Every structure is written in structure tokens, then in C-alpha cells.
Amino acid sequence: MLEKINTPKDVKKLSIAQLQELAEDVRKRIIQVTAETGGHVAPSLGATDIAIAILKMFDPLEDRIVWDVGHQSYAYKILTERNEKFETLRQFNGLSGFNNIFESKYDAYGVGHASTSISAALGITVAKEIKGEKGRAIAIIGDGALTGGMSFEALNHAGHLQKDMIVILNDNNFSISKNVGALQSYLTNMLVSRPYNATKNLIYDFVQHLPHRIRRRVILSARALEENMINSLAPNIIFEDLGFKYLGPIDGHDIPRMIRIFHKIKTNLTGPIFVHIVTQKGKGYEHAEDDAARFHGLGPYEIKTGKSKKKKGETYSKVFGNTLCKIAAKNKNIVAITAAMTDGTGLADFAKKFPDNFFDVAIAEQHAVSFAGGLAVQGIKPFVAIYSTFLQRAYDQVIHDIALQKLPIVFCLDRAGLVGDDGATHHGVFDLSYLNLIPGLLILIPTNAEELSAMLEFAAEYKEGPIVIRYPRGCAKYLDKPIQSIEIGKGEVVHEGKDVAIIGVGKAMEDAEFIYQDLKTKLPEVNPYLFNPRFLKPLDTNFLDDLKSKVHTVITIEDNALIGGFGATIKSHFSNSDVKVYSFGIPDKFIEHGTVDQLKDMIGITPEKITKEIISILK
Ligand SMILES: Cc1ncc(C[n+]2csc(CCOP(=O)(O)OP(=O)(O)O)c2C)c(N)n1
């Protein structure tokens with residue numbers, strides 16, 4: 001059936017039985033490709049039937065479809081003229097793992113970070129009205145993404161504006177792992193009161209057929225009756241109280257039923273509509289159904305067994321989690337906070353060992369930071385583990401709620417630097433720049449596992465204000481020897497030298513070491529310093545000032561944006577001296593997806609390319 005689909009219009013021509021066959025084909029295609037490329041398997045398998053029902057009933061060029069995060073949209077991609085390229089998913093120069101307006105005219109909005117879809121869909125709806133264009137915007141949002149504060153801001157606004165837009169909640173009871181929070185309990189409760197909702201939907205149908213002049217009065221009376229009597233039997237529907245028409249819960253794998261509901265919406269309903277669809281994460285692939293958390297997002301896997309093809313080594317996340325467990329065993333005031341990333345940030349063991357000191361706040365980075373502020377002001381020591389890219393969400397909270405009040409919180413920024421196949425929305429390449437300018441913040445950058453542990457120990461004792469420790473995705477490098485203790489604003493001279501200094505920042509120290517050796521082989525007359533700064537803030541000004549009389553050239557290497565990053569800071573430090581500073585890092589543009597090596601090659605910052613450039617500089 002999939003072979004028959006060249007454009008989404010072809011989906012409209014299919015019968016119900018053919019659509020069901022199509023769903024099977026699409027799922028097979030998702031599994032076959034992601035087994036090679038990796039990706040968000042379970043979310044996309046779960047949303048396959050929704051994508052098909054939407055394409056059957058709506059026109060994605062007229063009715064703009066906004067997927068939240070975009071990780072549920074593989075079926076949509078396949079059915080919107082991207083089947084042939086689907087093998088290139090998440091590969092260098094291939095399809096993005098999320099929706100991207102530069103990739104396809106069918107992607108109404110670029111996504112990757114959660115909870116943006118309702119806001120964007122509302123904006124699209126209002127723009128359509130201003131311009132007199134046809135069609136409705138549709139946001140498809142998971143129950144996890146719905147926990148993000150932005151979703152509520154958008155519901156609040158949409159309920160007020162009363163424009164014709166649709167929000168489809170894809171409720172699978174899962175975020176990356178089991179969803180958490182009062183909202184999830186509420187949604188589950190709604191499933192229990194299914195008969196009540198079915199009756200209510202019948203009443204809706206009935207009322208829609210009444211003459212216009214009495215329709216409103218009937219609705220108002222029904223609401224009053226409902227509030228007085230039915231509330232005691234079934235939960236209040238928050239979404240209705242916010243001004244949406246609520247339809248559901250609906251089985252998200254029952255294509256004909258979803259088609260009937262969408263038909264009803266198209267022909268009968270106006271204003272903001274909230275469709276509550278219930279799905280199974282990983283639907284149609286037993287391994288993904290059984291282990292939806294692992295199949296949320298994973299690397300290449302064996303289709304038959306569901307086992308991952310590549311074994312993971314010990315990651316920096318794991319080093320962080322293990323060290324924090326050790327620290328917490330000695331200090332009951334240590335608290336760990338994650339925003340829906342317990343496994344990803346390495347906190348799963350901590351959560352088991354210290355359940356009272358562990359908080360998964362759902363996809364709510366802003367709240368995570370201010371919640372930590374409240375804890376800290378009362379003498380608790382919070383470690384807030386957030387991916388570098390997601391802390392962008394909580395920028396004002398870091399400044400206003402934490403730094404301004406000198407609260408001793410530790411921000412553990414995982415996935416700093418280039419992350420690879422998740423691409424532009426997920427690279428953690430801005431944190432050094434956006435944090436550098438915040439007064440009173442300490443910024444630490446470990447270059448290996450032992451250093452990360454030592455920095456965490458240091459941070460646990462530090463009481464003067466907030467600290468950021470940023471570390472990369474992937475396997476940790478071990479020195480296999482303990483390091484000297486961490487001193488504020490003091491770096492480590494890895495090799496003494498003269499004339500030239502190479503400074504490797506965090507993960508880039510691995511490249512700096514290679515470059516150091518390569519340079520010594522290729523230019524034996526050069527004997528550079530190799531320096532690990534450990535701190536961006538405060539800088540090791542003693543060492544750097546000393547260098548002014550010892551070197552003529554400083555090379556900095558980092559996996560952060562060059563603007564405002566480490567190199568820029570060093571350049572400014574040497575601006576009143578004769579020392580020339582050359583910086584290698586992320587240029588002023590968004591970097592797409594691919595392996596980290598491919599991306600570094602594209603940018604021109606592989607160790608080989610950097611060595612070549614340094615040689616030409618020195619010559
Ligand atoms: C701001 C932000 N924080 C965290 C994430 C990481 N993340 C990606 S998907 C996801 C869970 C989404 O759950 P849900 O919306 O229910 O979709 P499902 O995966 O269950 O299909 C999370 C936490 C993100 N993309 N954006």
C-alpha cells in the first residue's frame with residue numbers, strides 16, 4: 001500500500017481497510033530504517049495511525065500540522081513525500097529526526113524542544129485569519145510535552161481567543177519514561193470515566209443540530225446541569241473550563257473512529273477543539289511495546305531481538321550519577337532534580353537509592369530551576385541535571401531566581417557540545433556563551449571522568465553561589481589516576497612549554513592532546529604549552545598573565561560557539577598584549593545533524609585540520 005503513496009493526497013483515496021494496511025506498511029518501514037539509523041522508534045510507531053487519520057481528513061498544506069518535539073512524526077514524514085529519503089534519517093545531509101520547515105513544505109513548524117506546538121498552531125491560526133486564508137492549524141502533542149509550562153500558556157491564550165484550531169493530545173501515559181505529575185493522574189482518571197464522556201459527545205452531536213437561536217441556551221443550561229450534578233460522578237474537564245471543546249478519549253489505533261471524529265470537527269465544530277487520543281507507545285513492534293522507555297530513542301538495533309547493536313561504554317552521565325550517589329550517601333541535604341530525563345541524565349540509580357531526595361518535575365526546565373531555588377534558600381543543596389540545550393528554556397530563572405540571589409545550586413549540564421544525530425535543535429553549543437555573562441556564576445568544564453567527579457565533590461561543598469559543570473554526550477575518558485583537588489579559578493598545566501600555548505576546553509582537550517603531539521612531530525622546533533583551563537569563570541588569570549611574557553601565540557579549542565565562548569574570552573584577556581589568539585570552535589551558524597566527526601570535518605575543526613592551520617599560522 002505504501003508504494004501507492006506519492007503525495008499525501010493519495011492517502012485520501014484509500015478505503016478504511018487500505019488505510020489499515022498502509023499503517024502496517026508504514027510501521028514496517030519505520031522499523032526497517034530505524035534499526036539501521038536509530039531514532040525515536042516508539043513515539044513514532046505509537047502515532048502512526050493518528051498521522052494516517054489526519055492525512056485522510058485534512059490537507060497538510062492548507063490545514064497546517066504542527067508536531068510537538070517532532071519525534072512522533074516519522075509516519076507523517078514517510079507519507080509526505082519523504083519515503084524515498086527516509087533511509088537518510090538523522091544521517092549527515094539526510095532527513096532530520098524532527099520537523100523542519102527547510103526540509104519540507106509539509107512541515108508547518110520547526111521543532112525539537114518540547115511544548116511549543118500549541119503556541120505555534122495558535123499563531124498560525126491567527127495569521128490565517130488575518131490573511132483570510134482557509135484551513136485550521138492542528139497541534140499534535142504528547143502527554144509528556146503537555147506538562148511543559150508553555151503548553152498551558154498557549155491553552156490559556158487559545159481558550160480566550162476562541163479561534164478555530166485543533167489540539168490533538170496523543171496520550172500514551174509515557175514521557176521518555178513513565179510520565180509524572182498530577183496532570184497525568186488526571187488524564188488517566190478521564191479514561192476511567194469514558195462512558196460519561198461518550199454520553200457527553202452524544203449531547204454535543206445533538207446540540208449541534210438544534211436551531212442556532214436555541215443552541216446557546218441549551219449549551220448554557222447543560223453546562224449548569226453538568227456543573228451541579230455530573231461533577232460528582234466524573235472529573236471536571238479542565239480543557240473545557242479553559243474554553244476548548246473536549247472530544248475523547250478516543251482509541252488512537254482505531255482509524256475509522258478517528259476519521260469519524262475529524263469529520264465531525266470539520267463539518268460541525270468551530271472554536272478551539274481538544275481531541276484526547278489514547279495510544280500505546282511502540283504500537284505494532286513487540287520489543288518497543290514491551291520496553292517503551294528504551295525504544296523512546298535509541299541507536300541501531302536488531303529487529304528480531306530488539307537488542308542494541310552497539311554496546312555503550314560508561315558515559316559522563318553515568319559518572320555524574322554514580323558520583324552524586326556517593327556524595328548523597330554522606331549528606332542528606334543533597335537533592336537531585338531532573339526535567340523528565342531521569343535515565344538520560346544518569347539519575348536512575350539516584351532515584352532508586354534516594355527516592356525522597358529525587359524529583360522528576362516533568363518537562364519543566366523553568367520550574368526545575370526555580371524549584372531548586374526554593375530548596376536552596378532553605379539550606380538544601382540541589383543538583384539540577386539538565387541537557388545544555390534545554391537549559392536555554394530556563395535562562396531567566398538562572399539569572400533572576402538563582403544567580404541574583406547567590407543561591408548555591410549546582411547545574412549539571414549534560415550533552416554539552418555537538419551531540420550528533422539529533423542535530424541543530426539539540427547541540428549544546430551555546431551554554432558557555434549564554435552563561436559566561438552572568439555575574440557570580442562559576443563555570444567548570446571537566447576534561448575526563450575523574451575531573452568531573454572531583455568537580456562535583458567541590459561543588460557539593462561550595463556555598464557562595466551557583467555553579468555550572470558542563471560535560472559532553474558519550475563515553476567518558478578515564479585517566480586512571482586521581483586528580484589534585486579543584487581550586488577556584490585554577491587550571492592545570494598538562495605540559496610546560498614555550499612560545500605557543502594550546503588550550504583545550506572540556507571534550508576538546510582530547511583533540512588538543514592529539515594536536516599537541518602532532519605539532520611536536522611535524523614542527524620539532526616548537527614546544528607548546530598544553531593547558532586545561534578547568535574554569536571559564538573565574539579564568540585562571542595567574543597562569544594567563546604569566547603567559548603574556550612567555551608565548552607569542554595562544555590557540556583555543558572548544559565545542560561551543562566562538563561568539564561569546566571560551567576563545568572570545570581569552571582573546572579579550574590578551575587584547576592589551578602582543579600575544580595573538582586563534583580560536584577554533586563552532587562558527588556563527590546552526591549546525592545540522594550527522595556524526596560528531598562529520599560535523600567537525602564540515603566546520604573544519606577536526607584535529608588534523610586544526611593542526612594544519614596552526615602550522616600555517618606558525619610558519
Ligand atoms: C524542552 C525539552 N525538554 C526535554 C526534551 C526531551 N524530550 C524529548 S521527547 C520527551 C518526552 C515527550 O513525551 P510525550 O510528549 O508524551 O511523547 P512520547 O515520547 O511519549 O510519544 C522529552 C522529555 C525536549 N525535547 N525538550
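1. Domain bounds here come from an automatic or database domain assignment. With those bounds, the shell around the ligand draws at least three residues from each of domain 1 (2-193 + 238-296) and domain 3 (316-472). Please keep in mind throughout that this is a predicted model.

2. The ligand shell. The ligand is surrounded by 23 residues. Pro43, Ala114, Gly142, Gly144 and Ala145 are the closest. By character, the shell holds 10 nonpolar, nine polar and four charged residues.

3. Overall form. The protein chain carries 25 helices and 17 strands. Its C-alpha trace spans about 90 × 55 × 50 Å along the principal axes. The radius of gyration is 27 Å. A compact globule of 619 residues would have a value near 25 Å, so the two agree.

4. Burial and contacts. Of the 619 residues in the protein chain, 49% are buried. Take the contacts in the chain with a separation of 6 or more: 77% of them join residues 24 or more positions apart.

5. The main core. Nonpolar side chains tend to be buried together in soluble globular proteins. In this model, the largest nonpolar core has 169 residues. Ile138, Ala368, Val384 and Ile469 have the most contacts inside that core. Helix H20 (residues 449-461) gives the most to this core, with seven residues. Apart from this core lies another, of six residues. Leu418, Val419, Ala561 and Leu599 are among them.

6. Ala368. Which residues are in contact with Ala368, leaving aside its neighbours within four places in sequence? They are Ile337, Ala339, Val361, Val384, Ile386 and Ala394. One of these, Val384, is also listed with Ala368 among the residues with the most contacts inside the largest core.

7. Ile140. This residue sits in strand S2 (residues 137-142). Why does Ile140 count as buried? Because Ile140 has 28 C-beta neighbours inside 10 Å, and 20 or more are enough for a residue to be called buried. Not counting residues up to four places away in sequence, Ile140 touches Ile50, Trp67, Asp68, Gln72, Ser117, Ile168 and Asn170. Leu155 is 15 residues away from Ile140 along the chain. The C-alpha atoms of Ile140 and Leu155 are separated by 13 Å.

How values were computed
Residues numbered from 1 in each chain as written. Predicted model: local features only at pLDDT ≥ 70, side-chain atom pairs only at ≥ 80, totals over all residues. Core = buried A, V, L, I, M, F, W, Y, C linked by C-beta atoms within 7 Å. Buried ≥ 20, exposed ≤ 12 C-beta atoms within 10 Å, placed from the backbone. Helix = DSSP H or I, 4+ residues; strand = E, 2+ residues; numbered from the N terminus. Contact = placed C-beta atoms within 7 Å. Rg over C-alpha atoms; globule rule 2.2 N^0.38 Å. Near = placed C-beta within 6 Å. Nonpolar A, V, L, I, M, F, W, Y, C, P; charged D, E, K, R; others polar.
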